[in-house]
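Please open the structure in a viewer and keep the selection tool at hand. This tour proceeds stop by stop, stating what to select and what is found there.

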Amino acid sequence: VTMARQAFSLAFEQLPGVAVPSGPRDDIRSGSAALRMMVAHWDELTGHEQQTVISYLPSADSANTESGDGVVPSTEGAFEDPRTQRAGMVVFASASRTRVTPGGPVRAPRDGPDDATRNTIAARFAELQASLEARSGAALTGAVELSFNTREIVADSAAYTLPHSAGQLVTYPTPTTATLSGTSGGYAGCFVALNPRGWDSRGTDLDFILAHELYHCFEAMYIGDLSVFYDPATAPGWVIEGGANWAAAQVVPTSRYPSVFWQQYLLVPSTQLFTQTYDAIGFWNHLSEVSSIDTWTALKNALGKSSAEALAQTDAGTDTFLDSWASSLFREPSYGLAWQTDGPTMSALRFTPEQITIDDGSRVSRTALPLAKTLLKASIATDVVVIVSVGHVTLHNAAHDQANFGQLVYCARDEGCACPPGSINTSPSPDALGGREVAFGVTGSDRSAVLALGGTSLADWCRKERPPTSNRPANGATAGTRATGVDSTLCHQIVERLGIDGLLNSPTLSPADIEACVAELLASGGFVPQN
């Protein structure tokens, strides 16, 4: 509830006694998430807070809003009772209350859009609804109420949506006992409010705003039970907001409006999926690139479920998805299909991977947390390099493309790495690396993925009695045993928090336990290390 109050204070207006995070607010494009959070904690809010939330919604018990503003019917006809409208009809209402935000500027009310603008938006709204119905394969049921706010909200968000059940959306028995209703029971309709920033928009920006908000109505309709829709546990943001962004991009493919969300997705790959919201547009986009399941169907089936259950409705657990999710953010089509991503509304931004150098004696490891991504470029400045992957790691250089590869040993010397006669190491020279610049994409699945690299000079290599060798996992292999008394969960938790270096240097595990943990990690990655 504390987070709900903060979110509402950022997206709408600051509530008394609520400390909001510092920083810019320009990237708040939609207030729907904040509104849903407040509704989810409705019984925990104070009466004043409930009144404040309600003031952003129209009263549906008469032809006028609480402030006395008239309801302007759509061009498709007016209806005596909004509750009896047929599906798809749009009723326009406006609110013109002046807000004084504690600690903030006074925003004077503005006149709402003129009739021509209202009619244009009504037409676009209907066309986008039809497009979403055609693409998603279902007709939107219930009346859609569209209102135009005449006041600026402190964060200048463009719009917000509130699906509701049958009956009144907001009731005002008395000025002091106003309550919010229609947020439980079965879905029957949807309320969409456009702020001035929204109805001032033009072209594809306006279209994207409308399509995003409209898809929230589809989401509530698909879920059916509004108590499920308003519960964050069964309506996680990466599904609700990320899915709405992806759906809007499919019907408005050229808008630059979602650029900030693409920036978050493309430039912050370390964010775990289940903590994403609007920026999960990239997850759904990549799913559409590689999945064998229709993404519209996968998104629909993911609605109304916990994060883990929602993910299981998609192909995101397959090798095809996980082996290419991190590497796709390199956006290097010359590397191959797994190293590129593109899609409707996506910006041209490209992440700059961490650059490391592997020289003699180097021991470097990097971890991708569950459902997160790590990108790396390595310059190999040693003679022999050992590359170990635990989980979904993809490799590319001038001579090799590998995924989920286990352990690889390469010679980086053009002359080869055969040891001279009389050396302790009598094994053949490792395969040629064929290019000293190597790119890595590391993708966490339901557990962390780890990449580790080690460099050895030829002189040291030739002194090894039992040198490591390339050891690729068999398809579907889970071979390997875990030493008794070693908790595999603990092994993974240490790696998730501290990386494989933290495991190797753990003060709480004995050397034997560390060795058993490494064996467990390698075995769970599908291969067994050489003795």
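Helices, here runs of at least four residues assigned by DSSP, are numbered from the N terminus. The model shown is predicted.

**First stop: the largest pocket**

Select helix H1 (2-11), helix H2 (32-40) and helix H9 (259-267); each of these supplies at least two residues of the lining of the largest pocket. The largest share of that lining comes from H1, which contributes six residues. The space in the largest pocket amounts to about 1000 Å³. To find its centre, select Ala7, Ala33, Met37, Thr277 and Tyr278, which are the closest to it among the 36 lining residues. Colouring the lining of the largest pocket by character gives 21 nonpolar, ten polar and five charged residues.

**Second stop: the disulfides**

Next, display the cysteine side chains. How many disulfides does a search of the whole structure find? The search finds three. A disulfide is a covalent bond between the sulfur atoms of two cysteines.

Begin with Cys190 and Cys217, whose sulfur atoms are joined at an S to S distance of 2.1 Å. The link of Cys190 and Cys217 is left-handed, with -85° about the S-S bond. Because Cys190 belongs to strand S9 (residues 189-194) and Cys217 to helix H6 (residues 203-223), this pair ties together parts that are 27 residues apart in sequence. Both Cys190 and Cys217 are buried.

Move on to Cys411 and Cys417, a disulfide with its sulfur atoms 2.0 Å apart. Is this link left-handed or right-handed? The torsion about the S-S bond of Cys411 and Cys417 is about 80°, so the disulfide is right-handed. Cys411 has a relative accessible area of 2% and is therefore buried; Cys417 is buried too, at 1%.

Then select Cys419 and Cys462, joined by a disulfide with an S to S distance of 2.2 Å. With -95° about the S-S bond, the link of Cys419 and Cys462 is left-handed. Cys419 lies in the loop between strand S16 (407-411) and strand S17 (431-432), while Cys462 lies in helix H14 (residues 458-462), so the pair ties together parts that are 43 residues apart in sequence. Cys419 is buried, because its relative accessible area of 17% falls under the 20% cut-off. Cys462 is buried as well, with a relative accessible area of 8%.

**Third stop: a five-stranded sheet**

Switch to a ribbon view and follow the open sheet of five strands, whose order is S11-S19-S13-S16-S17 and whose pairing is mixed. Which strands stand at the edges? Strand S11 (363-368) and S17 do; each has a single partner strand, so one side of each is left without a neighbour in the sheet.

Strands of a sheet pair through backbone hydrogen bonds, either parallel or antiparallel. To examine one pairing, select S11 together with strand S19 (residues 449-456): these two pair in the antiparallel sense over six bridges. For a single bridge, pick Arg366, whose partner in S19 is Leu451.

**Last stop: Thr141**

Finally, select Thr141 in the loop between helix H4 (115-136) and strand S5 (143-149). Thr141 has a relative accessible area of 39% and is therefore partly exposed. Add Phe218 to the selection: Thr141 and Phe218 are 77 residues apart in sequence, and their C-alpha atoms are 8.4 Å apart in space.

Key. Residues are numbered from 1 along each chain as its sequence is written. This is a predicted model: local features need pLDDT of at least 70, side-chain atom pairs count only at pLDDT 80 or more; totals for chains, interfaces and linings use all residues. Side-chain values use heavy atoms; hydrogens and water are left out. A disulfide is a pair of cysteine sulfur atoms within 2.5 Å. Buried means under 20% relative accessible area, exposed over 50%, partly exposed in between (1.4 Å probe, protein chains only). On a 1 Å grid over the protein atoms alone, a cavity is a set of points where a 1.4 Å probe fits but cannot get out, and a pocket is an open set with protein on both sides within 12 Å along at least five of seven lines; lining residues have an atom within 4 Å of a point. Grid points are joined across faces, edges and corners, and a volume is the space filled by probe spheres set on the points. Ala, Val, Leu, Ile, Met, Phe, Trp, Tyr, Cys and Pro count as nonpolar, Asp, Glu, Lys and Arg as charged, and the others, Gly among them, as polar. Two strands pair if DSSP finds at least two bridges between them.
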